[in-house]
Amino acid sequence: MKKLLGITLGIMTALGGFVDLGQIVFTTQAGALFGYQLLWAIVLGTLAIIVYMEMCGRVAVVTREPVFCIVRDRFPKPLGWATLIASNLLNLITCAAELGGLGIVIHLLTGWPEKLVMVGITGLLVGIVYLCKFEWIERIFGLSGLFMIVFAASAVMVHPNWSEVARGLVPVIHPAGRGGSALYAYFAVGIFSAMLMEYEVHFYSSGAIEEKWKVKDLSENFMVSSFGSLLGSLLTVALLVLGAMIFMPGKIFPELLSSAVMTGAYPFAEKSLVLALAGTFACIAGAAVETGLSGAYNLCQFFDFKWGKDKKAKEAPVYTAVWIGMFAVSLVVALSGIDPLQLVNVSIVFGMVIMPFTYYPILRVAGDKKIMGKHVNTKFDTVVGMIFLVLIVVAAAASFPLMVMTHSGQP
Amino acid sequence: MDHKELQSQLKATISLASEAESFLKHVAEHRPLDAFFRGHLEYLAQQGRRNLEELEKATASGQDRELLNVERMHAARVVTILEQMQTVSPDDPGLRKKQQDLAAVQSELQRVTP
């Protein structure tokens, strides 16, 4: 049973990364504009995150060092500093966006004022993180995120043409639909990159150490990273299908979280809307916790401060102060009235640009026989890792020009 | 605002009207939570106001000036409809009429789409 519950680390990591505020709206928009033609980007992103999540879990278990210790040791100091600052800025922007998203979800569920809700929810999340041990945090957010399965059920119930869906596995040069090739490339790059958000591997590798995984648990590492990512991927596919089936025929470009959430309940009645809202809440809250904690992990690992959720606040004072500070600053940003979806757009593009600096050191260490011993990457791992790293670099290089060309993905 | 931006704004208004109309169709079949009904309409109206603000700030020349005026008029109409709907319940029989109004806005805007 304990092994089974261990899988919640993978579920929380993947749901918080794949099905957060930005991805929910972004993927629905991709479906609304291009139908199923971007399905391949989801598959590619899923394979890439499975490969790298497994790799960073393995590195963390064998070396007892999570990702940011590797960044510190492998990069020249200025580049290491730049990666730390950029990653934590990304965590902060994303956390603020997620808190804004939580305000929207509760407002839709209860009608309570958004800003008041944001304050209350932030207090609740800080309370949960403060009081619960790491394994309970991942269980709470991982398992409650499973409410999102209502989106998968909804996607099946709207009866998509499955052979057309399957055709989406092949990329096209001249896409059919309302957008041109640049817009298609923007959404492809965005979907691929959003699935590889840095905070996923930071959180996952730190989580492996928090959970005291041993070398004998490495087979579980593969299962956890694959299962969580496949579940996240399935839900992302469901969002794409729902976007295509519900919004594409009416030439609707959904720009709101409420529009995307509604698709989860489309063929059903009121109760499924509550489930869709609950699932969305859990995933967005999971992403907020993931980014908040990742900020503290990154900083403490970089400067070698004591860290760990299961340590008392007095034993790891910097770690505790940083994650609480992450939530506090994010709340101030969220309360300032900036549209959370605009924040998310910024975070996705910003995340793409700094992505190679997270994944390159993981690949190098995982392939170093002196460090990894018999758990070093196989040739196959290295080749696949290299291919995905090249794709990550291409996506990083293309992200900013595509954002400018398409006015941040406007049709 | 150049011709391309005007077209993009036009698409945005058509999309908003179409989304609101499709939401009302859905509401007629599956009654949503009251809070969701009002909240979603409130967010749609906010989006409509943002579009309208852009159009009101914009200037255009030549033939585009006429198109800009038509867009402003219809964008304002969509916002008014969305704001009016926030004050009623999901069961209100008047929503059928609003649905027709939104469909009319779409077809009029599609007619002027270059």
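What radius of gyration does chain B have, and what value would a compact globule with 114 residues have? In this predicted model, the radius of gyration of chain B is 15 Å, and a compact globule with 114 residues would be near 13 Å, so the two agree. The C-alpha trace of chain B spans about 45 × 25 × 15 Å along its principal axes.

Chain B is built from four helices and has zero strands. Following the sequence from start to end gives the pattern α-α-α-α. Of its 114 residues, 40% count as buried. The contacts in chain B can also be sorted by distance along the sequence. Taking those with a separation of 6 or more, 83% are between residues 24 or more positions apart.

Chain A can be described in the same order. Its secondary structure consists of 19 helices and zero strands. For 411 residues the globule rule gives 22 Å, and chain A has a radius of gyration of 20 Å, close to that value, so chain A is as compact as a globular protein of that length. Its C-alpha trace extends over about 55 × 50 × 45 Å along the principal axes. Buried residues account for 57% of the 411 residues in chain A. When contacts in chain A between residues at least 6 apart in sequence are considered, 86% of them join residues at least 24 apart.

The next topic is the nonpolar interior. The largest nonpolar core contains 175 residues, and A:Ile191 and A:Ile362 are the residues with the most contacts inside it. Helix α15 of chain A, residues 270-303, supplies the largest share of this core, with 17 residues. What does A:Ile362 touch when its neighbours within four places in sequence are left aside? Its contacts are then A:Tyr52, A:Met55, A:Cys56, A:Val59, A:Val67, A:Ile70 and A:Val201.

The last topic is the place where the two chains meet. The contact involves 22 residues from chain A and 20 residues from chain B. On the side of chain B that touches chain A, the elements giving two or more residues are α1 (3-29) and α2 (34-57) of chain B. Sorted by class, this side of chain B has nine polar, seven nonpolar and four charged residues.

To recapitulate, the model places chain B, with its four helices, against chain A, with its 19 helices, through a contact to which chain B gives 20 residues and chain A gives 22 residues.

Terms used
Residues are numbered from 1 along each chain as its sequence is written. Chains are lettered from A and ligands numbered from 1 in the order in which they are written. This is a predicted model: local features need pLDDT of at least 70, side-chain atom pairs count only at pLDDT 80 or more; totals for chains, interfaces and linings use all residues. Two residues are in contact if their C-beta atoms, placed from the backbone, lie within 7 Å. Ala, Val, Leu, Ile, Met, Phe, Trp, Tyr, Cys and Pro count as nonpolar, Asp, Glu, Lys and Arg as charged, and the others, Gly among them, as polar. A nonpolar core is a set of buried Ala, Val, Leu, Ile, Met, Phe, Trp, Tyr and Cys residues joined through C-beta atoms within 7 Å. A residue is buried if 20 or more other C-beta atoms lie within 10 Å of its own, exposed if 12 or fewer, and partly exposed in between; C-beta atoms are placed from the backbone. The radius of gyration is taken over C-alpha atoms; the globule rule is 2.2 Å times the number of residues to the power 0.38.
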